[in-house]
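Student: Could we look at this protein together, one question at a time?
Tutor: Happily! Here it is.

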Amino acid sequence: QKVNKTSNRVILIHVPTQVRVECQDTRSLTQNRKIARKRLRLKVDAFINGKSSRTSQKASVAVAKKAKNKSRNKRRRQQKKKKSDKE
């Protein structure tokens, strides 16, 4: 069988920081450019802002939420156990 190949790989480099992003997710060159720009924006943000970047803030919120749910579930299990011990 004949395989049609396209070279729609996109490589973007942020010159001041030398942050590099590659994208070859779809067949469309324009879609790959959009995706690569979005990834580059996030990478540069993380590079410049560090812990106060958007992605690290999201990650810290997720960690806090997970810890809160874990403690809530633990408390509920303990209450359930106490209730079953009384009966």
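**Charges and shape**

Tutor: Helix 1 (29-49) and helix 2 (54-86) each give at least two residues to a positive patch; helices (H or I, at least four residues) and strands (E, at least two) are DSSP runs, numbered from the N terminus. This is a predicted model, where local features need pLDDT of at least 70 and side-chain atom pairs count only at pLDDT 80 or more, while totals for chains, interfaces and linings use all residues. Residues are numbered from 1 along each chain as its sequence is written, and side-chain values use heavy atoms, with hydrogens and water left out.

Student: Which helix gives the most to the positive patch?
Tutor: The patch is formed by Arg33, Lys34, Arg37, Lys38, Arg41, Arg54 and Lys58. Such patches take residues with over 30% relative accessible area and no salt bridge, with like charges joined within 9 Å. Of these residues, Arg54 lies in helix 2. The most, five residues, come from helix 1.

Student: Is Arg54 buried or exposed?
Tutor: Buried means under 20% relative accessible area, exposed over 50%, and partly exposed in between (1.4 Å probe, protein chains only). Arg54 has a relative accessible area of 59%, so the residue counts as exposed.

Student: Which residues are joined into one network by salt bridges that share partners?
Tutor: A salt bridge is a side-chain nitrogen of Lys or Arg within 4 Å of a carboxyl oxygen of Asp or Glu. Glu22 pairs with Arg20, their closest N and O atoms being 2.9 Å apart, and Glu22 also meets Arg9 at 2.3 Å, N to O. Asp25 and Arg39 form a salt bridge too, at 2.4 Å between the closest N and O atoms; this pair links distant parts of the chain, 14 residues apart. The network that shared partners create joins Arg9, Arg20 and Glu22.

Student: Where is Gln18, whose phi is positive?
Tutor: Phi of Gln18 is near 60°, a positive value in a residue other than glycine. Gln18 is exposed, at 55% relative accessible area. Its place is the loop between strand 1 (10-14) and strand 2 (19-23).

Student: What is the radius of gyration of the protein chain?
Tutor: Along the sequence, the protein chain follows the pattern β-β-α-α. For 87 residues the globule rule (2.2 Å times the number of residues to the power 0.38, with the radius taken over C-alpha atoms) gives 12 Å. The chain is more spread out than a compact globule, because its radius of gyration is well over that, at 23 Å.

Technical notes
Patches are made of residues with over 30% relative accessible area and no salt bridge: like charges are joined within 9 Å, nonpolar side chains (Val, Leu, Ile, Met, Phe, Trp, Tyr) within 5 Å. Accessible areas come from the Shrake-Rupley method with a 1.4 Å probe; for residues, only the protein chains shown count as cover. Lys and Arg count as positive and Asp and Glu as negative; His and the chain ends are not counted. The place of a charge is taken as NZ of Lys, CZ of Arg, CG of Asp or CD of Glu.
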